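Here are my notes for your first look at this one. Keep the viewer open and find each spot as you read.

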Amino acid sequence: MFNPKKLRTPRLIRWLQFVAALVMTSLPSLAQNTSMHVPPVIDVHVHAMDGSFPGAVPMCPNTSKFTASDPRDKEAPFGWVQEDCTPKLYPAANGEYMKDVLAEMERLNVTAVVFGDPKGVEKWKEAAPNRVIPGAGFQEGMGGGKRVALDELRKSFAHDGFKVMGEIGLQYEGLSPSDLAVDKYFALAEELDVPVAIHMGTGGSGRANIAMPGFRGSKGDPLLLEDLLARHPKLRVQVMHAGYPMIDNMLTLLQANSHVYVDVAGLIWSYPLKEVNRYIERLVDAGFEDRVMFGTDQLVWPKLMSYSIGIIQNADYLTSDQKRDILYNNAVRFLRLDGKESK
Ligand SMILES: [Zn+2]
């Protein structure tokens, strides 16, 4: 053991100076890194938004219902009931979104899979190289049917460091994920051993016919993934939004395909809380606690991430091990991370 008492005085002074220098240099990082003792979290579903949201309003998560409307009247583009809550989640100020979300990720010790067009995602990656896992999809915009060239996507994954293919929102085009028209992209993912993240389930926001007429709830049926999985037996699939609310078909798929995982993004804050908990509990009770991953679908409101983590942390039906699995361990396994992605 090293015992400073045995040192002669000059050496003792030098040793004390050394310790003092060490403390001084480490102090600023200790002060800044408030997430040091916060257990790591992986959010597998974040969007590389650019930070100005004209018309965005403070949001109450987990509103109690979707309202009825009448086409005779002017209808809002979404159907959530207007409620009051404390605290509301506030949209980021103009141009501050990325900075605010990354600060939250630092504070909460979150590493996130960030999806978007490659340029936008790279901006996030440059701003927080240790906290951002880049993802890119093959749709240009959501719902328009425009496709990214296959070679371009190959380059993103083979050379530019992209790790997850997504978000794939074929449901917004009224297409099944097993549609042969997009099979070449999934074949590429299987060839390059890249996991794919496919939007299945939620959507429409109560006004699909007004806001997104191409959207089909029926194309979010988890069992529509079966043909795709049969064609590509090595494909690793993240069912985004956990196929909500088609729990029976989701469980059928999870039971039949052990490299299929789900994320609870979006649904975790956009449905009544009792229903959210019931859905997650059902997935876990059915034996799939190793396949449920935490996600937010983070957009517009920077505090959404801490709010959503709180829902898992406060779930009285989950053991502390199950909470850690959902918040972190399952994503590490699915994404094949070595743990270095978070501190
Ligand atoms: Zn989605």
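Is Asn-62 buried or exposed? Keep that in mind for the first point, and remember throughout that this is a predicted model.

1. **Asn-62.** With a relative accessible area of 12%, Asn-62 is buried, because anything under 20% gets that label. You'll find Asn-62 in the loop between β1 and α2. Check its backbone too: phi is near 50 degrees, which is a positive value in a residue other than glycine.

2. **Val-300, another positive phi.** Val-300 is not a glycine either, yet its phi is positive, at about 70 degrees. Look for Val-300 in the loop between β8 and α11. Its relative accessibility is 12%, so Val-300 counts as buried.

3. **The disulfide.** How many disulfides does a search of the whole structure find? The count is one, and it joins Cys-60 to Cys-85, with 2.1 Å from S to S. Both cysteines sit in the loop between β1 and α2 (97-108), so the link ties together parts that are 25 residues apart in sequence. If the word is new to you, a disulfide is a covalent bond between the sulfur atoms of two cysteines. The angle about the S-S bond is -100 degrees, making the link of Cys-60 and Cys-85 left-handed. As for burial, Cys-60 has 10% relative accessibility and counts as buried, while Cys-85, at 24%, counts as partly exposed.

4. **Two cis peptide bonds.** Have a look at the bond from Thr-86 to Pro-87: it is cis, with omega near -10 degrees. Pro-87 belongs to the loop between β1 and α2. The peptide bond from Gly-166 to Glu-167 is cis as well, again with omega near -10 degrees. Glu-167 is part of strand β4, and you'll meet this residue again in the next point.

5. **The zinc site.** Which residues are the protein donors of the zinc ion? They are Glu-167 through OE, His-199 through ND1 and His-241 through NE2, at 1.8 to 2.2 Å from the ion. Along the sequence, these donors follow the spacing E-x31-H-x41-H. Glu-167, in strand β4 (residues 164-168), and His-241, in the loop between β6 (237-240) and α8 (247-256), are 74 residues apart, so to speak of distant parts of the chain being linked here is fair. Glu-167 and His-241 are both buried.

6. **The sheet.** Try tracing the strands in order: eight of them form an open sheet, running β1-β2-β3-β4-β5-β6-β7-β8, with parallel pairing. At the edges stand β1 (41-47) and β8, each with a single partner strand, so each has one side without a neighbour in the sheet. For one pairing to check by eye, take β2 (residues 110-115) and β3 (residues 132-136), which pair in the parallel sense over four bridges. Phe-115, for instance, has Gly-135 in β3 as its bridge partner.

7. **Helix α10.** This is a nice one for checking geometry. At 1.5 Å a residue, its 13 residues should span 18 Å, and the end C-alpha atoms are indeed 18 Å apart. The buried residues here are Val-276, Asn-277, Tyr-279, Ile-280, Leu-283 and Val-284. Viewed down the axis of α10, they fall within an arc of 160 degrees, so they line one face of the helix. Turned away from that buried side is a face carrying the exposed residues Lys-274 and Asp-285. The cover over the buried residues of α10 includes α8, β7 (260-263), α9 (267-270), β8, α11 (304-313) and α12 (320-335).

8. **Just past the helix.** Right after α10 comes Gly-287, with a positive phi of about 105 degrees. Now find Phe-288, in the loop between α10 (273-285) and β8 (292-293). Its relative accessibility is 9%, so Phe-288 counts as buried. What does Phe-288 touch, leaving aside neighbours within four places in sequence? Its contacts are Leu-251, Leu-254, Gln-255 and Leu-283. Phe-288 and Gln-255 are 33 residues apart along the chain, with 8.3 Å between their C-alpha atoms.

Terms used:
Residues numbered from 1 in each chain as written. Predicted model: local features only at pLDDT ≥ 70, side-chain atom pairs only at ≥ 80, totals over all residues. Heavy atoms only, no water. Helix = DSSP H or I, 4+ residues; strand = E, 2+ residues; numbered from the N terminus. Buried < 20%, exposed > 50% of the residue type's maximum accessible area, 1.4 Å probe, protein only. Contact = heavy atoms within 4.5 Å. Pairing = 2+ DSSP bridges. Disulfide = S-S within 2.5 Å. Donors = N, O, S within 2.8 Å, 3.2 Å for Na, K, Ca; no water. Expected span 1.5 Å × (residues − 1). Arc of directions from axis to C-beta.
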